[in-house]
Amino acid sequence: LFTMFGYSYSKLTGSVDSEFFGTARSNTTAETFGAELSYKDELGKFSYSIGSRYNSTVLKGFMEHGSDVNLRVADQNYNSANLVTTLAYFDSFNYKSTRFFYGADVEYSRYFYSNGNNVHVSTGGAFTSVKGVNRLNKDGTFVSLNAGAWLNSNANVLFSVTNATKDPSYTIALGYRF
């Protein structure tokens, strides 16, 4: 069995262009806590897993600036759970007494639960709910390229690039094996 707990802190910058109101810009932060429980097995340099993940994200509220009409967006809480299957390739080598590793994985994910898809916005008065922005009720296949190094026999650092959205996401993580 494989279990994982993770935490992510993100700074987000956005802009929305409008022909009538100009360009609205925004800055905010998001924090995500995640957990996974999976069955994992290895076949040589390949491994596979099947399991479930739960994620909870808090997106801090923000105020747009720069346009004629700027929206105020309230704090948002997103929660999701999904089934995950993974096929991965993994290899390693030693260089100057440091063990490096690299690999790639293909992950298929299907969401079976999500909430928090209402965005609450205001132009100065009461907040209004904008529904239908939930993109988590989909399944998808993601490809990640991974590389890292073992700092000692239990701790490692990992760099990963994933095509989870239209723009790739980049992850730097510290891991610890108990």
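In the predicted model, methionine 63 has arginine 72 of β5 as its bridge partner. The two strands concerned, β4 and β5 (residues 72–73), are antiparallel and pair over two bridges. Arginine 72 has a further bridge partner, serine 122, in β8. Strand β8 spans residues 119–122, and its antiparallel pairing with β5 again rests on two bridges. Three bridges connect β8 to β9, also in the antiparallel sense, and valine 119 is matched there with valine 130 of β9. Together these pairings give an open sheet of four strands in the order β4-β5-β8-β9. Its edges are β4 (62–63) and β9 (128–130), each of which pairs on one side only. Strands β8 and β9 form a hairpin with five residues between them, and glycine 124 in the turn of this hairpin has a positive phi of about 135°.

A second set of pairings involves β2, β3 and β6. Strands β2 and β3 run antiparallel and are joined by 14 bridges; within this pairing, serine 38 stands opposite glycine 51 of β3. The hairpin of β2 and β3 has two residues between the strands, and glycine 44 adopts a positive phi near 70°. Strand β3 also pairs with β6, in the antiparallel sense and over 14 bridges. In this pairing, tyrosine 54 lies opposite alanine 81 of β6.

Three salt bridges were counted in the model. In one of them, glutamate 36 is joined to arginine 53, with 2.8 Å between the closest N and O atoms. Glutamate 36 belongs to β2 (residues 22–43) and arginine 53 to β3 (residues 46–59), so this salt bridge ties together parts of the chain that are 17 residues apart in sequence. Relative accessible area is 8% for glutamate 36, which is therefore classed as buried. Arginine 53 also counts as buried, at 18% relative accessibility.

Arginine 53 takes part in another salt bridge, with the side chain of glutamate 107, at an N to O distance of 2.8 Å. Because glutamate 107 is located in β7 (residues 98–115) and arginine 53 in β3, the pair ties together parts 54 residues apart in sequence. Both of these residues, glutamate 107 and arginine 53, are buried. Through shared partners, the salt bridges join Glu36, Arg53 and Glu107 into one network.

Lysine 45 and aspartate 91 also form a salt bridge through their side chains, at 3.1 Å from N to O. Lysine 45 is in the loop between β2 and β3, whereas aspartate 91 is in β6 (residues 76–95); the two are 46 residues apart, and the pair links distant parts of the chain. The partners differ in accessibility: lysine 45 is partly exposed, with a relative accessible area of 43%, whereas aspartate 91 is buried at 15%.

Strands β2 and β3 also contribute to the surface. A nonpolar patch of about 890 Å² is made by Leu1, Leu37, Tyr39, Leu43, Phe46, Tyr48, Ile50 and Leu87. The elements giving two or more residues to this patch are β2 and β3. Among the patch residues, isoleucine 50 is placed in β3.

Threonine 162 lies in strand β11 (residues 155–162). Its relative accessibility is 13%, and threonine 162 is therefore counted as buried. The side chain of threonine 162 makes a polar contact of 2.7 Å with that of serine 144. Apart from neighbours within four places in sequence, the residues in contact with threonine 162 are Phe142, Val143, Ser144, Pro168 and Ser169. Serine 144 thus appears both as the polar partner of threonine 162 and in its list of contacts.

Notes:
Residues are numbered from 1 along each chain as its sequence is written. This is a predicted model: local features need pLDDT of at least 70, side-chain atom pairs count only at pLDDT 80 or more; totals for chains, interfaces and linings use all residues. Side-chain values use heavy atoms; hydrogens and water are left out. A salt bridge is a side-chain nitrogen of Lys or Arg within 4 Å of a carboxyl oxygen of Asp or Glu. Buried means under 20% relative accessible area, exposed over 50%, partly exposed in between (1.4 Å probe, protein chains only). Two strands pair if DSSP finds at least two bridges between them. Patches are made of residues with over 30% relative accessible area and no salt bridge: like charges are joined within 9 Å, nonpolar side chains (Val, Leu, Ile, Met, Phe, Trp, Tyr) within 5 Å. Accessible areas come from the Shrake-Rupley method with a 1.4 Å probe; for residues, only the protein chains shown count as cover. A polar contact is a pair of N or O atoms within 3.5 Å; within protein, one must be able to donate a hydrogen and the other to accept it, and residues adjacent in sequence count only if both atoms are side-chain atoms. Contact means heavy atoms within 4.5 Å.
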